[in-house]
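My notebook is open, and I want to go through this one place by place. The notes follow the order in which I looked things up.

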Amino acid sequence: MRISKIFNGCSDDTDVIIIYNRGEPVADLNFYYVTGLVHGGLFEGSYALVFRDGVKIITSKLEEQSASKGIGEVHIFSTAAERDELLRKLVGDAEKIGLNFSGITHGDFEKIKTLLGEREFVDVSAALLNARMTKDESEIKIIREAAKVASEVAEIMPEFMKEGIREYELAARLVYELLKRGAEDSAFTPIVAFGENSAEPHYFSGPRKLKRGDFVLLDFGARYKRYNSDITRTFVFGRASDEQKEIYETVLNAQKLGIEKIKSGMNGRDVDAAVRNLIDSTKYKGRFIHSTGHGLGLAVHDHVGLTSSHDLLLKEGMVLTVEPGIYIPGFGGVRIEDDVVVRKDHAEVLTTAPKDLIEI
Ligand SMILES: [Mn+2]
C-alpha cells in the first residue's frame with residue numbers, strides 16, 4: 001500500500017527508490033516509513049531499496065534483531081565494503097533510480113553515483129512526502145497513542161506548578177512524565193514559558209521563576225514508535241485577570257472554530273482564514289503571528305498544513321495540528337493546540353486534555 005502510493009507519484013519507468021539513512025542529524029524518516037521499522041534501532045548508514053514489489057533493507061549487524069520486525073527483506077553487512085557490494089548487487093541493472101533529494105547529503109549522493117556508475121538519478125522527494133501526508137490506520141493508531149500520552153501529561157502538569165519553580169525544572173518534570181508513560185522520547189525540546197515569556201511562540205525554557213498571575217504555556221509532544229504528538233495548553237497560575245481571560249477565550253473560540261471547519265475536501269488555507277478572521281475581528285487583531293497548524297507524523301512538522309501561504313486540499317487520513325495563539329510582547333501569550341485526523345465529514349480530535357481555562 002505505502003509502496004504503491006509512493007510509485008503513483010513517480011514516473012512510470014522508475015525502477016527503484018534508494019533511501020539512505022545516514023542517521024542523526026540527517027536521518028531520513030522515509031527509511032522508517034517504507035520499512036515499517038518503528039520498534040527501535042537506529043539504522044545508521046542503512047539503505048532501504050524500494051521496488052514496486054517489495055522493500056530490501058541493507059543494514060549493519062548492530063540492527064539485525066530490530067530489522068527483522070519490519071516488512072522488508074533484510075540483508076546484513078559487517079563492513080563498509082560489504083555494504084557497498086550489497087547495494088550494487090541488490091540494485092542490479094535498474095536504470096532509473098529515485099532518490100530523496102531533500103534528505104540525502106551531497107556527499108552521499110556522490111558516493112552512490114560512484115558505486116552504481118552510469119544510471120539516471122531522479123528526485124522522488126515530492127512522491128515520498130505526498131504518500132506520507134495521508135496516514136493509514138496503523139499510523140493513526142500510533143499517533144493516537146502518542147497523543148494520549150501527551151494529553152495525560154498536560155492534564156497532570158498543574159500539580160507541579162509551585163511558586164518559585166523555574167521553567168527548566170518544570171520542563172524536566174514534563175519530559176520525565178512523558179517517558180514514564182511510555183513515550184520513547186520527547187517529540188521536540190518542550191516549550192515551558194512563564195509570564196511575559198509566553199509571548200514568544202518558539203521560546204524554550206530558562207531560569208524564570210513562577211509568580212502569581214503568570215500565564216504558564218506548555219507546548220510539547222510525545223514520540224512513540226517514531227511518530228509524534230504535539231499539544232499546547234496555557235494555564236494561569238493564580239486568579240486570571242480580565243485581560244488574561246479575554247485573550248484565553250478568544251484563542252479558545254478560534255481554536256474550536258478551526259477544528260469545526262476541518263473535513264475532507266476543505267482547503268487548509270480556508271481553515272486558516274476562518275481562525276485568523278475570528279482573532280482579527282477582536283481587539284487582538286494582528287496578534288496571531290504564525291500559521292494555524294502543520295502536518296504531524298514521523299516528523300513533528302511533517303508537511304505544510306493550515307496556512308495562508310499554501311493551498312492544501314484536506315484528505316481523509318491527514319493528521320494536523322490546530323494551534324492558534326495571541327501574543328502580547330511584554331505581557332504574555334496564549335496558545336491552545338490539538339492534533340486531529342481529517343475524516344470525511346469532520347475532524348477526529350486525538351488530544352483530549354481539558355481546554356477550558358484552568359486557574360491554579
Ligand atoms: Mn505544533
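**Backbone oddities**

I began with Lys225, which sits in the loop between strand 10 (222-224) and strand 11 (227-228); strands here are DSSP runs of E, at least two residues, and helices are runs of H or I, at least four residues, both numbered from the N terminus. A note on the source: this is a predicted model, where local features need pLDDT of at least 70, side-chain atom pairs count only at pLDDT 80 or more, and totals for chains, interfaces and linings use all residues. Residues are numbered from 1 along each chain as its sequence is written, and side-chain values use heavy atoms, with hydrogens and water left out.

What is the phi of Lys225? I found a positive value, near 45°, in a residue other than glycine. Arg226 lies in the loop between strand 10 and strand 11, and its phi is positive too, about 75°, although Arg226 is not a glycine. I wrote both down because most residues other than glycine have a negative phi, and most peptide bonds are trans.

Are they buried or exposed? Lys225 counts as partly exposed because its relative accessibility is 27%, while Arg226 is buried, at 13% (buried means under 20% relative accessible area, exposed over 50%, partly exposed in between, with a 1.4 Å probe and protein chains only).

I also logged a cis peptide bond from Glu24 to Pro25, with omega near 5°. Pro25 is in the loop between strand 1 and helix 2.

**Around Lys96**

Next I looked up Lys96, in strand 5 (residues 96-99). Lys96 counts as buried because its relative accessibility is 12%. Which side chain does the Lys96 side chain meet in a polar contact? It is that of Asp13, at 3.0 Å (a polar contact is a pair of N or O atoms within 3.5 Å; within protein, one must be able to donate a hydrogen and the other to accept it, and residues adjacent in sequence count only if both atoms are side-chain atoms).

Leaving out residues up to four places away in sequence, Lys96 touches Ser11, Asp13, Thr14, Asp15, Val16, Glu120 and Val122; contact means heavy atoms within 4.5 Å. Arg119 is 23 residues from Lys96 along the chain, with 6.2 Å between their C-alpha atoms.

I followed that to Thr14, in the loop between helix 1 (2-8) and strand 1 (16-21). Thr14 is buried, at 2% relative accessibility. With the same sequence neighbours left out, its contacts are Phe7, Arg52, Lys96 and Gly98.

**Where the domains meet**

The domain assignment, automatic or from a database, gives domain 1 (2-132) and domain 2 (137-349). Twelve residues from domain 1 and ten from domain 2 make the contact. Over C-alpha atoms, the two centres are 34 Å apart.

How much area is buried between domain 1 and domain 2? I noted about 920 Å², with 52% from carbon and sulfur atoms; buried area is the accessible area (1.4 Å probe) that two parts lose on being put together, summed over both.

One salt bridge crosses the interface of domain 1 and domain 2, by the rule of a side-chain nitrogen of Lys or Arg within 4 Å of a carboxyl oxygen of Asp or Glu. I also noted that Asp302 and Arg132 form a salt bridge through their side chains, 2.8 Å from N to O. Five residue pairs are in polar contact between the domains, both residues at pLDDT 80 or more.
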